[in-house]
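Please look over the sequence and the 3D structure shown here before reading the report. The headings afterwards take the parts one by one.

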Amino acid sequence: MLPLLIARDLLGRMGRASPPAELRPDRLDASAGLTVYVHLPFCASRCRYCGFNLSTDPRLVQRYLAALERELAQRAALPWQPAVEVTSVYLGGGTPSLLPAADLARVLAALRAHLTLRPGLQITLEANPESVDAEKLAACRAAGVSRVSLGVQSFDDACLERLGRRHRAAGALRALDALAEAGLREVSIDLMYGLPGQSARDLERDLARAVAAPVTHVSLFPLATLPGTTLGRHRPRAGRTRALWQLYALASRTLEAAGFEQYTSEDFTRSGVRCDYQMDTWRPPLRGCLGLGAGALSLAGGFLWHNGGPLEAYLDAPRPAGVLRGVRLSALQQRAAELYGALKCLRLEPRHLEGWGPVPLALRAAGLARAVPDRALELTPRGRFLVSLYWTRMILGKLAAVQER
Ligand code: SF4
C-alpha cells in the first residue's frame, strides 16, 4: 500500500526534522473549511495497551484548559481566521467525558468565541462508560454535543479486565441507557477485535450485544499494542494478521446483516448519520484539520504539524503562534494523503488514481479493490481490512511517538 508507506514516512519525518521556516499556520490556505479536533488527555487510569500521552492527575485539568484557551486565542488571531468555517468538531482524548460538563461547555464556548462554527455542525464527544450519567450527558447536549462515541471495546468482562479497562459490560449498558435518557440519539460505540484470549465466538457475542443495543454506529478497531505498554511486551503470535482478517470479515458481515452500512475502513452506521469529523477530514478533496491541545495533529494547506512534547510542557507554553514541529508536504505526499483519504473512504475515483502508475492494477490483482461504474475502484473487504490495520498501527505508534517529544 504505497500511499500508506508514504504517509508513514511522512509522520516519521515530522517527529525528526527541524521545522522548515515556511511552516506557519498564517500562510495556510484552508478555504475548503476546517475540522477541529480538541485533545483532552485525561483518564482515570491507564489501560494496559495504551501508549498515549495523558495524565491521570485531575489537578492539572484547569491549567490545561487555560492553556488550550491561550492556544485557541492565538491561533484565531492569525490571518486564516475568521474566514474559515469549521464544519465539524471532535472532542477526543484521553477521556473527555471525565471532565465535568461545565468544563466541556467551557471548551465549546471558547471554540465558538474564536472560530466560525457552521450552524448545526456535528460535535462529537468521546466518552467512557464509567464517566457518564444522564445528568452530565444532558448538560453536554445543552452545550452543543450532538453525537457521542462511547469506548465500550467489548461486552466481555474477562476481556475488559485483561485490557485494564475500568468499566464492565453492565457499566456499558448503563451508559447506553443514560445516553438515551439524555436524548442523545447518535451513539457510536468502539469495539475492538484481536483481544488477548478472545475467540471468534467471543467476538460474535460482542457483536450480538452491540446490534441489540441502542447504538446507531460502530467503529471497529484491531487491538494495536505499543511497545512500552503492559500488553505491548507480549510478542504477537505468528499468523496474527490472518487471524485478525478473519475476525474483521466476521464483524463486517455481522454488522452489514444487522443493517449497518460500512462507509470507512473502520466505521459502520445504521442511522445513515456518519462521523462528520472523519468524513470531513479524510474524504477527498481534503479539508484542513486543526488539532488543538497537547498531542493533536493538524493537516492543512499542504502542512502537517503538531504541538508535541510532554503534556507538562504544553501547560506552560502551548507554542501556538509561531513555527511548530511539522513538515511541508511534497506534491507526492499531498497526492498520497488524498489517495489515503480515498482508500479510507473505500472508493477511488479516476482522479485519485492518476499518476500512480500500476497501483490501481496492483490493487485489483491483489484482490484489494474491484472496478465499479465510472472507472472508479471500490475496496473489497480484504482491502478495507488492510487499510484499517496499517493505519491503526501506524497512527497509534506515531501519535504516541510525537507526543513524547
Ligand atoms: S485507551 Fe483510552 S481510556 Fe484507556 S488510558 Fe488510553 S486514552 Fe484512556
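The report below starts with the whole chain and then turns to strands, helices and one single residue.

## The model as a whole

This is a predicted model, in which local features need pLDDT of at least 70 and side-chain atom pairs count only at pLDDT 80 or more, while totals for chains, interfaces and linings use all residues. Residues are numbered from 1 along each chain as its sequence is written.

The secondary structure of the protein comes to 14 helices and 15 strands, where helices (H or I, at least four residues) and strands (E, at least two) are DSSP runs numbered from the N terminus. Of the 405 residues in the protein, 44% are buried; a residue is called buried if 20 or more other C-beta atoms lie within 10 Å of its own, exposed if 12 or fewer do, and partly exposed in between, with the C-beta atoms placed from the backbone. Among contacts with a separation of 6 or more, 75% are between residues 24 or more positions apart, a contact being two residues whose C-beta atoms, placed from the backbone, lie within 7 Å.

## Strand 2 and its partners

Strand 2 covers residues 85–93, and 8 of its 9 residues are buried, so this strand is largely enclosed by the rest of the structure. Strand 1 (residues 34–40) pairs with strand 2 in the parallel sense over 7 bridges, and two strands are said to pair if DSSP finds at least two bridges between them. Within this pairing, Tyr37 has Tyr90 of strand 2 as its bridge partner.

Strand 2 is also joined to strand 3 (residues 116–127) by 6 bridges, and these two strands run parallel. Here Glu85 stands opposite Thr116 in strand 3.

## An antiparallel sheet

Further along the chain, 3 strands form an open sheet in the order 13-15-14, with antiparallel pairing. Its edge strands are strand 13 (347–348) and strand 14 (369–372), each of which pairs on one side only. Strand 14 is joined to strand 15 (residues 376–379) by 4 bridges, and the two run antiparallel; Val372 has Ala376 of strand 15 as its bridge partner.

## Helix 2 against helix 3

Helix 2 has 16 residues, which at 1.5 Å a residue should span 22 Å, and its end C-alpha atoms are indeed 22 Å apart; the expected span is 1.5 Å times one less than the number of residues. The buried residues of helix 2 are Tyr64, Ala67, Leu68, Glu71, Leu72 and Arg75. They cover an arc of only 135° around the axis, which puts them on the same side of helix 2, the arc being that of the directions from the helix axis to the C-beta atoms. These buried residues pack against helix 3, strand 9 (288–292) and helix 10 (311–316).

How are two packed helices described? The description uses the angle between their axes and the distance between the axes. Helix 2 (residues 61–76) and helix 3 (residues 101–114) pack at an angle of about 10°, with their axes 10 Å apart; axes are lines fitted to C-alpha atoms, for helices over the stretch in contact, and angles run from 0 to 180 degrees between N-to-C directions. Helix 2 and helix 3 are therefore roughly parallel to each other, a label given to angles under 35 degrees, whereas those over 145 count as roughly antiparallel, 65 to 115 as roughly perpendicular and the rest as oblique.

## Helices 7 and 8

The 13 residues of helix 7 (residues 200–212) should span 18 Å at 1.5 Å a residue, which agrees with the 18 Å between its end C-alpha atoms. Leu203, Asp206, Leu207 and Ala210 are the buried residues of helix 7, and because they cover an arc of only 95° around the axis, they lie on the same side of the helix. The face turned away from this buried side carries the exposed residues Arg201 and Ala212. The buried residues of helix 7 pack against strand 5 (186–193), strand 6 (217–222) and helix 8 (240–257).

In helix 8, the buried residues are Leu247, Tyr248, Ala251 and Leu255. Seen down the axis of helix 8, they fall within an arc of 105°, so they line one face of the helix, while Arg242, Arg253 and Ala257 are exposed on the other side. After helix 8 comes Gly259, whose phi is positive, near 95°.

## A closer look at Glu181

Is Glu181 of helix 6 (residues 169–181) buried or partly exposed? With 13 C-beta neighbours inside 10 Å, Glu181 counts as partly exposed. Glu181 and Asp133 are 48 residues apart in sequence, and their C-alpha atoms are 9.2 Å apart in space.
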